[in-house]
Amino acid sequence: IGSALATPRDETKSKKKLDETGFDGNHVVELEKWIDGLDDQLPPLKNFVLPSGGRSSTALHVARSICRRAERRVVPLIRDESVDPDVGRYLNRLSDFLFTCARFAVQWE
C-alpha cells in the first residue's frame, strides 16, 4: 500500500516504476477469503455491535478505526486517479477483516 500511495499514477511517467509499485488486486480477494473463513465460525449478527470486549478485541477495534481513517484519506486520491482503486478496496476489506477478527476474539476472551 505504501509504495502505491507514494507513487502517484497520474504524475509518474515511468511504466517500470508504476509496475514495480502497483497494487495487486488479488490481495483483496485473499482478504475476502479470510473474512469468510472467520465469519463462518461466528453466529450471525442480529444487532449493531458496539466496540467492546477484552484487550485483543479492543485493540482490533482501534486498528479498524485507524484503517477506516486511512480509507477516508485515500478516497480523494482515488477520485483524482493518483492511486489504484484496489488500494481503497483493500483498505475497506481490511477494516471488515479487523471487525470480524474482533468479533472472533470476543468468543475466546
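Which residue forms a salt bridge with Arg93, and how far apart are the closest N and O atoms? Keep that question in mind while you open the structure, which is a predicted model, and begin by selecting Arg93 and showing its side chain as sticks.

**First stop: Arg93 and its partners**

The partner to look for is Glu32, whose salt bridge with Arg93 has its closest N and O atoms 3.5 Å apart. This pair links distant parts of the chain, since Arg93 belongs to helix α5 while Glu32 belongs to helix α3 (residues 26–39), and 61 residues separate them. Side chains of opposite charge can pair when their charged atoms come close. If you turn on a surface, Arg93 should appear as partly exposed, because its relative accessibility is 21%, and Glu32 also counts as partly exposed, with a relative accessible area of 33%.

Keep Arg93 on display and add Asp96, because the side chains of these two residues also meet in a salt bridge, with 2.4 Å from N to O. Both residues lie in helix α5, three residues apart, which is about one turn of the helix. An α-helix has 3.6 residues a turn, so residues three or four places apart point the same way. Asp96, at 21% relative accessibility, is partly exposed. Now select Glu32, Arg68, Glu71, Arg93 and Asp96 together, and you will have one network, joined by salt bridges that share partners. The structure as a whole holds seven salt bridges.

**Second stop: along helix α5 to Thr100**

Stay with Asp96 and move to Thr100, which lies in the same helix, α5 (residues 85–108). A polar atom of the Thr100 side chain is 2.9 Å from the backbone oxygen of Asp96. Is Thr100 buried or exposed? Thr100 counts as buried, because its relative accessibility is 6%, and the cut-off for buried is under 20%. To see what surrounds Thr100, select Ile35, Leu38, Asp39 and Leu42, which are in contact with it once neighbours within four places in sequence are left aside.

Next, look at helix α5 from end to end: its 24 residues should span 34 Å at 1.5 Å a residue, and the end C-alpha atoms are 35 Å apart, so the two values agree. At the start of this helix, select Asp84 and Asp86, where a side-chain oxygen of Asp84 comes within 2.8 Å of the backbone nitrogen of Asp86.

**Third stop: the loop before α5**

Go to Glu81, which you will find in the loop between α4 (55–79) and α5. The phi of Glu81 is near 65°, a positive value in a residue other than glycine. Most residues other than glycine have a negative phi. Glu81 counts as exposed, because its relative accessibility is 57%.

**Fourth stop: a pair in helix α2**

Select Lys16 and Glu20, which form a salt bridge whose closest N and O atoms are 3.7 Å apart. These two residues are four places apart in helix α2 (residues 15–21), and they are therefore separated by about one helical turn. Both Glu20 and Lys16 are exposed.

**Last stop: a nonpolar patch**

Finally, show the surface and colour Ile1, Leu5 and Leu77, which together make a nonpolar surface patch of about 200 Å². Ile1 sits in the segment before α1 (2–6), and it is partly exposed, with a relative accessible area of 33%.

Notes
Residues numbered from 1 in each chain as written. Predicted model: local features only at pLDDT ≥ 70, side-chain atom pairs only at ≥ 80, totals over all residues. Heavy atoms only, no water. Buried < 20%, exposed > 50% of the residue type's maximum accessible area, 1.4 Å probe, protein only. Polar contact = N/O pair within 3.5 Å; in protein donor to acceptor, adjacent residues only side chain to side chain. Contact = heavy atoms within 4.5 Å. Expected span 1.5 Å × (residues − 1). Patch = residues over 30% accessible without salt bridge, like charges linked within 9 Å, V, L, I, M, F, W, Y side chains within 5 Å. Areas by Shrake-Rupley, 256 points an atom, 1.4 Å probe, with all protein chains shown as cover. Salt bridge = Lys/Arg side-chain N within 4 Å of Asp/Glu carboxyl O.
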